[in-house]
Amino acid sequence: MGRLPIAQCVFALAILGVLVTTGAVAGSYELLFRQGTLDAIPEQATLEYQRTVSAPASQSLEALNTGPIRLQQTGEGMAEIHFGLPDQRRRVGAFPASVGNPMIMYFLETVVRDLSGLAGGSPFYMRNRIKAELLRKHPVQDMTLRLGDRDVEVHTIVLYPFRDDPASDRMKGIETLALSITFSDDVPGWYYSLRAETTTERGKRSALPDTLPAYTSTILFKGLEAGK
């Protein structure tokens, strides 16, 4: 479902706590979890996104997790995430706005939840591998894209948290996961898109009968709605 229990939202705050307290933020973390990205967003203004999930192994997962997402700052210094159409919209999490845009936190936890459900793996193991991957440095790809009526420069980092994982033979294709985050100072809230993707191309493991169909989850920035 689009719902993200508050207990699971702690995943992102755990990332923040582990990395900041150890001082180990020299990897891609600094860019991907950039602080201050909501500072220029007025209170009561809403960042609008669209989440689209493709999971041929579970049509119900696709249907329940595809829909609009709204992120709004409150007067208490919190940023709330709401999922769903207006007649079904529900709050799925609240985060301190001071840490930046929590959309990446929501993205990572929903991907972990989806993949652990599809493959039957441990969400704790997946979270730990993602944390470790964030500590590494990754190439930054630069490009220009059209946003509204103007061209903007964006940057993309791609993470492969399960590359060369010792448990790859048992991961049903989840070991191919690529997490692509595209961001820019010119995009309100910093994130233009957040995409997770697996493939059935597993090298020598491709013929294994437990290989899952390819999975994708994309959160795409749609616009900024002024507060009333």
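These legends describe close-up views of a predicted model.

**View 1. The hairpin of strands E3 and E4.**
Strand E3 covers residues 78–83 and strand E4 covers residues 90–96. The two strands pair in the antiparallel sense, over six bridges. One pairing to pick out is Ala79, whose bridge partner in E4 is Phe95. Six residues lie between the strands of this hairpin. Within the hairpin, Gly84 takes a positive phi near 115 degrees.

**View 2. Helix H5 and its N-terminal cap.**
Helix H5 runs over residues 123–134. Does its length come out above, below or in line with expectation? The 12 residues, at 1.5 Å a residue, should span 16 Å; the end C-alpha atoms are 17 Å apart, so the span agrees. Ser122 caps the N-terminal end of H5. A side-chain oxygen of Ser122 lies 3.3 Å from the backbone nitrogen of Phe124. Buried residues in H5 include Met126, Ile130 and Leu134. Charged-type names appear in that buried list too: Arg127, Arg129, Lys131 and Glu133.

**View 3. Thr156 and its surroundings in strand E6.**
Strand E6 spans residues 150–159 and holds Thr156. Is Thr156 buried or exposed? Its relative accessible area is 9%, under the 20% limit, so Thr156 counts as buried. The side chain of Thr156 makes a polar contact with the side chain of Thr182, at 2.7 Å. Neighbours within four places in sequence aside, Thr156 is in contact with Pro139, Val140 and Gln141 among others. Ser180, Ile181, Thr182 and Phe183 are also in contact with Thr156.

**View 4. Leu32 in the largest nonpolar core.**
The largest nonpolar core has 58 residues. Leu32, Met103, Ile104, Leu179, Ile181 and Tyr215 touch the most other members. Helix H4, residues 103–119, gives the most to this core, with 11 residues. Leaving out residues up to four places away in sequence, Leu32 touches Ile104, Leu134, Ile157 and Leu159, among others. Ile181, Phe183 and Tyr191 are also touched by Leu32. In soluble globular proteins, nonpolar side chains tend to be buried together.

**View 5. Positive phi at Asp164 and Trp190.**
Asp164 is not a glycine, yet its phi is positive, at about 60 degrees. Asp164 sits in the loop between E6 and strand E7 (178–183). Its relative accessibility is 72%, so Asp164 counts as exposed. Trp190 is not a glycine either, and has a positive phi of about 85 degrees. Trp190 is placed in the loop between E7 and strand E8 (191–197). At 5% relative accessibility, Trp190 counts as buried.

Methods: Residues are numbered from 1 along each chain as its sequence is written. This is a predicted model: local features need pLDDT of at least 70, side-chain atom pairs count only at pLDDT 80 or more; totals for chains, interfaces and linings use all residues. Side-chain values use heavy atoms; hydrogens and water are left out. Two strands pair if DSSP finds at least two bridges between them. Helices (H or I, at least four residues) and strands (E, at least two) are DSSP runs, numbered from the N terminus. The expected span of a helix is 1.5 Å times one less than its number of residues. Buried means under 20% relative accessible area, exposed over 50%, partly exposed in between (1.4 Å probe, protein chains only). A polar contact is a pair of N or O atoms within 3.5 Å; within protein, one must be able to donate a hydrogen and the other to accept it, and residues adjacent in sequence count only if both atoms are side-chain atoms. Contact means heavy atoms within 4.5 Å. A nonpolar core is a set of buried Ala, Val, Leu, Ile, Met, Phe, Trp, Tyr and Cys residues joined through side-chain atoms within 4.5 Å.
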